[in-house]
Amino acid sequence: MGRNRGAVATKASNILGISAYYHDSAAALLKDGELVAAAQEERFSRKKHDARFPGDAIRYCLAAEDLDLNELDRIVFYDKPLLRFERLLETYLSYAPRGFRSFVAAMPVWLKEKLYLKTVLKNELAELAGCDPKKLPPLLFTEHHQSHAASAFYFSPFERAAVLCLDGVGEWATTSTWLGNGSSLEPLWEIDFPHSLGLLYSACTYFAGFKVNSGEYKLMGLAPYGEPRYVDLILDRLLDLKGDGTFRLDMRYFNYCTGLTMTNARFDELFDGPPRKPESDLTQREMDIAASIQVVTEEVVLRLANTLHEETGETNLCLAGGVALNCVANGRVLREGPYENIWIQPAAGDAGGAAGAAAVVWHNYDEQPRRLNGDGSPFADRMQGSYLGPGYSHEEIRAELDAVGAKYSVLDDDALMTRTAQLLAEENVIGWFQGRMEFGPRALGGRSIIGDPRSAKMQSLMNLKIKYRESFRPFAPSVLGERVNDYFEQDTPSPYMLIVAPVREELRVALTDKQQQRFGIDRLNLKRSELPAITHVDYSARVQTVHEDTNPRYHALLRAFEQLTGCGVLVNTSFNVRGEPIVCTPTDAWRCFMRTEMDYLIVENFFLEKNLQRAWEDDTDWQNEFELD
Ligand SMILES: [Fe+2]
C-alpha cells in the first residue's frame with residue numbers, strides 16, 4: 001500500500017520489526033503479511049554483530065517499499081526490556097553479594113538505556129522520521145522467545161508444526177516449545193535462565209579461547225578434530241540432563257551470573273587448567289572439549305525434539321534461536337529424529353527475531369490469517385530464499401565501480417556463466433555478487449566467494465589467502481538441488497546451509513593405517529574425498545542446495561560448471577574477510593576483492609579481473625580495521 005494507501009486502508013499492512021541492543025541488530029518489513037525486506041545492521045555499519053539501533057537497516061527496509069517511517073502501521077520490538085531487567089535484577093539479588101561486580105558493571109548501561117528503552121527507541125525512530133516522538137506509529141513489544149518461535153513457524157512451509165527454540169537467554173526463557181497451527185502459535189513449556197544450553201555452549205566457546213556470540217561456529221568446526229572424552233564429565237558435573245531432554249546446570253562452575261567471565265576456577269579444575277588464550281595455539285584439549293560439548297548439545301536437542309514429538313504428535317518441526325545454527329545437531333534431528341520434515345529459520349539468531357516480532361503482530365495482534373505457499377510442498381516456505389536485503393541495478397553498479405576506478409567488462413548471461421565456470425575449473429577464486437543480499441549469517445550465493453571443490457589446495461588457499469582465518473575451518477558446498485543425493489547422504493533440500501550431512505561413501509578416500517593414526521589438526525591436509533575442499537575431517541559437509549526458483553543465476557552457474565566438469569558442486573564461503581561483516585554494496589565487494597588474493601569479481605553481469613586492476617594502495621593496514629572474531 002505505502003504511498004498509494006489513501007483513506008481506504010483500515011487494516012495494518014506495513015509492520016516494521018526491530019531487534020537491537022543485545023547482539024545482531026536487524027530490521028524486517030512485513031507488507032500484508034509478506035516478508036518483503038530484512039537486513040542486519042552490521043552489513044551497513046560494517047561492524048560485525050552490531051547491536052546498536054539499526055537505523056540503516058530500517059532505512060533500507062523503508063526504501064525497499066518506498067515508504068516513510070510515518071506510513072508504517074505498527075513498529076514492534078522483539079523483546080520486552082522490563083522482563084529482561086527483572087531477570088538481571090533477580091539474578092544479581094539471588095547471588096548477592098557475589099554478583100556485585102557485574103551488577104555495577106551492567107547497571108549503569110541498563111538504567112540509562114535499556115530500562116528506558118521505549119523512550120530511547122522512540123527518540124531514535126523520531127529522529128529517523130524527522131518528527132515528534134508522539135507522532136510515530138504505535139510501538140509494540142513481543143517476548144524474546146515468542147519472536148524466535150514466530151520467526152520459525154510463521155515463515156515455514158507448514159500448516160501445523162511443533163516449534164523448538166533454543167538460545168543463550170532473552171528475558172527468562174532459554175529453551176521454549178510451542179505448537180503452531182494456522183495463524184495460532186501457542187506456548188507449551190520453557191526452561192529458564194540460568195539453565196541454558198546456549199550459555200553452556202558459549203561457556204565452552206569462551207574456555208576454548210573464542211569469542212562468545214560469534215566463535216560458536218569455530219567450536220563446532222573444531223569438534224571433528226577431537227575425541228569426546230569430556231562427555232561424562234560434562235554430564236556428571238555441569239549438566240543434569242533428564243531423559244526428556246530438560247536440564248539444569250550446576251551453577252557452581254559458571255561465572256555468568258556473578259562475574260564478567262563465563263567460567264570460573266572450578267571449571268578450570270575440571271578441564272585441566274585455565275582457558276586457552278585467544279589466538280594462541282590450539283591444543284588437543286580444546287578439540288576434545290569441542291567434540292564433547294557437541295555430543296552433549298546433539299543429545300539435548302535430540303531428546304527435546306523427541307519429547308516435543310511425543311507430546312504434540314506433530315510430524316513437522318520448526319527450529320530457531322542461536323542453538324538452531326548448530327547444523328550438526330540439526331542434521332542428526334533430521335536423520336534420527338521422529339519428524340518427517342524440519343524447517344530452520346535461516347536468521348535463527350536474534351536478527352530473525354525482528355521478522356518474528358512483525359509476524360506476531362500481524363497474526364496475533366491484528367488477527368490476520370496465515371497464507372501458505374501454493375503447492376503445499378514441505379519446502380515452499382515464505383522466506384524468499386532469504387534474499388531479503390539490498391540489490392543493485394545495472395546503473396547503480398556501474399556508477400559504484402566507476403567511482404572506485406575499477407576496470408570491468410560486461411558479459412551477457414550465457415558468456416558470464418560459461419566463462420565463470422571455466423575460471424572456476426582452473427582453480428581461480430571468484431567473488432560472486434548477485435541479486436539481493438542474504439538475511440541471516442550464511443552467504444547463499446548472493447554475496448559469496450566461490451571455488452572448485454575438487455581442488456586439493458582450495459581449502460587452505462581460501463582460508464589463508466582470502467579469508468585470513470584459522471586453517472581448520474571447513475568450507476561449505478553449494479550443490480544443485482536436484483543432485484544433492486548424488487554427493488551427500490541427504491535427499492531433502494537444505495537451502496539455508498543449516499544441515500550437515502555425510503559425504504557419500506563412494507566419494508570418500510580411505511585413509512592409510514599411518515594416516516589413521518594422526519591426531520587432531522594433523523589430519524587437516526589429508527584428502528578425504530573427491531571433493532576435498534568441502535569435506536570435513538569426519539566426512540561431513542554443511543550442505544546448501546541451490547534451486548532454480550529461488551536463485552536462478554547461481555543455479556545456472558552450477559549447471560554451467562557441471563556441464564564443463566561433470567561436478568554439480570561449488571565451494572561457497574561468505575564474501576568477507578575474517579572479522580568483517582559480509583559485503584553489502586558493490587563498493588564493499590570491490591574493496592574486499594582488492595584487499596585479498598581473489599582472482600576475479602563478478603557483480604551481476606560486470607566482470608572484473610584482478611590482473612587488470614590498478615595496484616591497491618588505498619590502505620595497507622586494513623586488517624586492523626576489523627576486530628578479529
Ligand atoms: Fe535469542
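**Two open sheets and an iron site in a predicted model**

An open sheet of five strands, paired in a mixed fashion, runs in the order β3-β2-β1-β4-β5; here two strands are taken to pair if DSSP finds at least two bridges between them, and helices (H or I, at least four residues) and strands (E, at least two) are DSSP runs numbered from the N terminus. Because β3 (34-40) and β5 (139-141) stand at the edges with a single partner strand each, one side of each is left without a neighbour in the sheet. From one strand to the next the twist averages 20 degrees. The model is a predicted one, in which local features need pLDDT of at least 70 and side-chain atom pairs count only at pLDDT 80 or more, whereas totals for chains, interfaces and linings use all residues. Residues are numbered from 1 along each chain as its sequence is written, and side-chain values use heavy atoms, with hydrogens and water left out.

Within this sheet, strand β1 (residues 14-19) pairs with strand β4 (residues 74-77) in the parallel sense over four bridges, and isoleucine 15 stands opposite arginine 74 in β4. Helix α5 (residues 117-129) packs on the sheet, where it touches β1, β4 and β5, and its direction makes about 140 degrees with that of β5; contact means heavy atoms within 4.5 Å, and axes are lines fitted to C-alpha atoms, for helices over the stretch in contact, with angles from 0 to 180 degrees between N-to-C directions. Helix α13 (residues 350-365) lies across β1, β2 (26-31), β3, β4 and β5, and runs at about 145 degrees to β1.

The iron ion is coordinated at 2.2 to 2.3 Å by His144 (NE2), His148 (NE2), Asp167 (OD) and Asp350 (OD), donors being N, O and S atoms within 2.8 Å of the metal (3.2 Å for Na, K and Ca), and since water is not among the atoms, sites may look incomplete. The angles subtended by the four donor atoms range from 89 to 172 degrees, which makes the arrangement irregular; four donors count as tetrahedral if all angles lie between 85 and 135 degrees, four count as square planar and six as octahedral if opposite donors are over 155 degrees apart and all others between 65 and 115, and anything else is irregular. Along the chain the donors follow the spacing H-x3-H-x18-D-x182-D. Aspartate 167 lies in the loop between β6 (160-166) and β7 (173-181) and aspartate 350 in helix α13, so the pair ties together parts that are 183 residues apart in sequence. Both aspartate 167 and aspartate 350 are buried, that is, under 20% relative accessible area, with exposed meaning over 50% and partly exposed in between (1.4 Å probe, protein chains only).

A second open sheet, also with mixed pairing, is formed by nine strands in the order β13-β21-β20-β14-β15-β19-β16-β18-β17, and its edge strands, β13 (409-410) and β17 (499-502), each pair on one side only. Strands β15 and β19 pair in the antiparallel sense over four bridges, with serine 448 opposite serine 574 in β19. Helix α16 (residues 458-466) lies across β15 and β19, at about 135 degrees to β15.

Histidine 547 is found in the loop between β18 (540-546) and α19 (552-565), and its C-alpha atom is separated by 5.4 Å from that of glycine 481, 66 residues apart along the chain. In α19, the buried residues include Tyr554, His555, Leu558 and Phe561, and what covers the buried residues of this helix includes α15 (413-425), β14 (430-433) and β15 (447-451).
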